[in-house]
Amino acid sequence: MTTHTASTYVDACANFVSWLDQNVTSEARGDTIETLDVNPSATFWLGRLACEEEVSQSQLGDRAERLDPCAIGIRVRPSSPGPWSLRVRADMRAWVKDESAKSWRKLDKVRFETEVQVNSDGAALGSTDISRRLAAAGAPGLSAEVRIEVEIRSGLSELVVQLVNTSSVGDPRVDDSHLYETQLAIAGIASVPFALEALPDSFRYDRAVDAYGINVGVISDELGEYDFITSDNMVVDTKRPVYWNSPDLRPDLSFDTLHRDPVPSLSQLVDSLEHWNEEQWCDSALDAHAVSSHWSDTMRAEAGRAAIAARSECGRIRRGLKLLQDDSLISRAFRLMNRAIAHSSRGNYDSWRPFQVGFLLSALAYLDESDKDERDVADTVWFATGGGKTETYLGLLVTTAFYDRLSGKTTGVTAWSRFPLRLLSLQQTQRFADAMAGAELVRRTEGIKGDPFSIGFLVGKGGTPNKVVKDSNGDDPDPDSPGMPEQYQVLLSCPFCFSESLAMRFNRRLWMLDHRCTNSGCPWPERALPFYIVDTEIYRVLPTVVLGTLDKAASVSLQQAMRGLVGPPISKCSEDGHGYAYSPRRGRPNGCLVPDCTGSSLPLPMVDSRYAPTLRLQDELHLLRDSLGAVDSHYESLLDHLQAELGGNRAKVIASSATLSGHSKQIEVLYRRKGRVFPQQGVRAGDSFWSTPGPTPLRRYVAVAPRGVTLDHVSDRTVSILQESVRRLIKDPIAVCREASIDPSFADRLVSDYGTNTVYGTSLYDVEAADRSLASNTSVGVLNSVQLTGQTDFDDVRDILGRLESPEEEFEKRIHAIAASSMLSHGVDVSRLNTMVMLGLPLSAAEFIQTTARVGRTHPGLVYVLHKIGRERDAQTFRHFPKFVSQGDRFVDPIPITRRSRRVLRLTLPGLIEARRLDIWEPRSLSRRLTTLPNLRDFVEQFQLSPASEREVLAKALGFTNEADTLLTAEIDEWLLTWFRNLADHGADFEWPSDLCPNRPMMSLRDVETTAPIFERRS
């Protein structure tokens, strides 16, 4: 129990988290419970031991010992040969049935202590003594013993000390054969640590594990009486990082200062970085580390390479500073960006973190027209989730938007930002909208020419309309469809004034679905906000930033108007507000996408070469893997190819990721670019120039291996205990605050910040089952629960997020529990989510990192990881859980991805050829529409296209130009021969050009998936 009263709210939160955890653990073991109305074996899930005979007879085999074990133990590696002397202590309790009271009663603790000398034969201790003591306590028939075994592994001796429940099955004197509140401790033996086999050597990381637990965790005895003691939970406390790790004075990186004159502060930052590198990465410092940390020659060489990378990063940052000094346009764009971000921060912060500015400086070189190599590098922002990655690349995006306007790009797309999840986070979208609104206010104030800065939300059917039609045909809405237009609201608040007074309207004159702010004090002077959510509107307007899901890249092969996202449109409509036009079609002879438009075509207002996106942003890069990553790699090459063919420069790729395993290969496969990560890590993991662990708690991770009961039972009980604890705080704040050593003045805030519990399921089935179970199996009375999954409607998501951000006054009306899927794990940032129960270990370490980062964003968090201990992976992870948390990135599997797959090539080839037909061939055909086979045949003959010529183009676009790619180019040849043969066959039953393909173009990049994750919809 905490011994001092918290004087700050941060300390109060830390004490409260500790108190909550004590409550859960106490209930799970039964520590403070003396009587029960039901069998304790159906109640407690920690500290219990089944009898050995029952486990050995189970048909589950080895899994039975994990699901309801008969032993707990400690494994150590002695530092010297045997025999060995050690001291052992074992504690346990029993429960007996009181027939007269028809209840169960807990007996007094039984303790066994002894000293023993062990040789290679091991030992079995205490059987008679423990049986006698249990009988004296009131439990005759129960028995246990301490077993010590000696195992030889890799030529070294290991001691395994276990407490085993040896009670007999069927003894008539025994009401419950389990032992409870068990614990084992050992002392007196000198040991050496194990080296964690799951991880390779690295100069940055410590692989040492002092001792392993068997069915339990192992900790050091706080009283110092014993060397090792078992713990039913594995608890890992992490610290919140501080974002400056230099002895130098921290520079002023406020938005105001960097807007007025960035050079002095940024010079100070770069100087400090150089000094830090000189001290930390010099040869003498690394040699000293090598000696003190026993580095191998391989590890010392690895450190030397890391030193070179750190110096290179510093050089790029220094170069970015020089660009700000020497290039007036880049300097002005950077300074104006700071004014825009000051607006979008909403007053929550007024300054950059040093690493954010470091990244901005390191990436500025790609704006330098003389540096062509920078666009051949994909830069990835890698930082702990919650550190500010989104704001970092928003800063670069806004800088680029200003630079585009200042350098003559007065219209068109600056950035196409894509997210791998099918349901794009509304909070993430709001952040983009806020940043671009700030930029637009600045643009107007500065009198910078060009279209307004705007956002296009490109997620398509299921989230927003592909188009609005005159008469609904069932798929696309018309202006009078049910729920139109209110159901399509995406923004949570006005990005200009931050008011929630938004209204949806359909503008029939301009044929646009508008978000409108009804706040009379809003600085935005026009009726409709510059925020577009209908696909056809986005093609007409070409917003500055297109924000959408990865899936929509497939539309470049399906919709000719997608050309505006990779190059110039065909023309501009003469009708005011109709925007850009594309190739003519039946019903739109002038190419305008507004129904029944009778306008004429006007020339484009800007040179063709400036229309292509300057940036492609990829969020959550680590999710682009397996078949999705392979398919996307071909479409990324297609986008590059189209952009080049249409006269544009190559886009700069910026990504963000929470993990880096296999990063270089992933970047090369996806983008055919060199991968570069920012920031470089320091000599020690978690410690760099940019950040280091601070004194403030971040999260407490508690690994739980439930015994003898279902995960659903443990989840429901854990949520119930957390809710009961908070409701006790509401009812009796003085008593609770005294128990938790908290000043009662913090009680209301603690209720708000810890009164909502999240239950995270790794499958949609788990999420739905958890939601049903929460509604019926908790013991707290009214418990309001909601679901957040990829199937949750936009309206519901918006409502849930709003209620979480601004909870109801009365606690009884608030959201108490959220059953969530991986939809929660990306882009959701709610400071009131501070407790989580995970139903099983996520299938990947990356998902674990991302998911648990959703709690404790602002205040200390508490995460219970309920291991499905019958699964081998969960059991192994539980064994080394502290290392799994502290070195989580190292447990992330390298991204499995390849672009050289014939199966994937067969899937993507139709899209590649259709994109060339729509975006390159048809505009070259001048007045002919290549939507009919006769026109397409004439075009192919006129321009002398052939399987050989197209194979050369496609192979080059995909990078299949090596001898090793012979099978792939042969696949392209075979496919193209079929396509051209079908085109030449006048008698065949083909109606449309897409029919010529042996298979249809992909409608979504996820068409390749045989199973869908829990974010199924929103494509």
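How many bridges join β15 to strand β16, and in which sense do the two run?

1. The model is a predicted one. In it, β15 and strand β16 (residues 228-231) run antiparallel and are joined by 3 bridges. One of the pairings can be placed by residue: Ile219 has Ile229 of β16 as its bridge partner.

2. The two strands belong to an open sheet of 5 strands, whose order is β6-β3-β10-β16-β15 and whose pairing is antiparallel. Because β6 (110-118) and β15 (217-219) each have a single partner strand, they stand at the edges, and one side of each is left without a neighbour in the sheet. On average, neighbouring strands of this sheet are turned by 20° against each other, direction ignored.

3. Another open sheet has 7 strands, in the order β17-β31-β36-β35-β32-β34-β33, and here the pairing is mixed. Its edge strands, β17 (234-242) and β33 (785-788), each pair on one side only. The average turn between neighbouring strands of this sheet is 20°, direction ignored.

4. Within the sheet of 7 strands, β32 (residues 757-761) and β35 (residues 835-839) run parallel and are joined by 5 bridges. Val759 has Val837 in β35 as its bridge partner. Helix α16 (residues 711-731) lies across β32, β35 and β36 (861-866), and its direction is at about 175° to β35.

5. Strand β5 (residues 103-106) takes part in two pairings described here. With strand β1 (residues 35-36) β5 pairs in the antiparallel sense over 2 bridges, and Thr35 has Arg105 in β5 as its bridge partner. With strand β4 (residues 95-98) β5 also pairs in the antiparallel sense, over 4 bridges; Asp98 stands opposite Ser103 in β5. The hairpin of β4 and β5 has 4 residues between the strands, and Lys102 takes a positive phi near 50° there.

6. Next, a helix pair: α10 (residues 354-363) and α11 (residues 389-406) have axes that come within 9 Å and cross at roughly 35°. The crossing of α10 and α11 is right-handed. On the α10 side the contact is made by Phe355, Gln356, Phe359, Leu360 and Ala363, and on the α11 side by Glu391, Thr392, Gly395 and Leu396. By class, this contact has 5 nonpolar, 3 polar and 1 charged residues.

7. Helix α25 (residues 933-942) packs with helix α27 (residues 966-984) at an angle of about 120°, their axes being 10 Å apart. The crossing of α25 and α27 is left-handed. Leu933, Leu936, Arg937 and Val940 in α25 meet Trp979, Phe980 and Leu983 in α27. The contact of α25 with α27 has 6 nonpolar, no polar and 1 charged residues by class.

8. Finally, a pocket. The second largest pocket holds about 1600 Å³ of space. It is lined by 41 residues, and those closest to its centre are Lys467, Leu558, Gln559, Gln560 and Arg588. Both α13 (535-541) and α24 (902-924) supply at least two residues each to the lining of the second largest pocket. Sorted by class, that lining has 14 nonpolar, 13 polar and 14 charged residues.

Conventions
Residues are numbered from 1 along each chain as its sequence is written. This is a predicted model: local features need pLDDT of at least 70, side-chain atom pairs count only at pLDDT 80 or more; totals for chains, interfaces and linings use all residues. Side-chain values use heavy atoms; hydrogens and water are left out. Two strands pair if DSSP finds at least two bridges between them. Axes are lines fitted to C-alpha atoms, for helices over the stretch in contact, and angles run from 0 to 180 degrees between N-to-C directions. Contact means heavy atoms within 4.5 Å. A crossing is left-handed if the near helix is turned anticlockwise from the far one by less than a right angle, and right-handed if clockwise. Ala, Val, Leu, Ile, Met, Phe, Trp, Tyr, Cys and Pro count as nonpolar, Asp, Glu, Lys and Arg as charged, and the others, Gly among them, as polar. On a 1 Å grid over the protein atoms alone, a cavity is a set of points where a 1.4 Å probe fits but cannot get out, and a pocket is an open set with protein on both sides within 12 Å along at least five of seven lines; lining residues have an atom within 4 Å of a point. Grid points are joined across faces, edges and corners, and a volume is the space filled by probe spheres set on the points.
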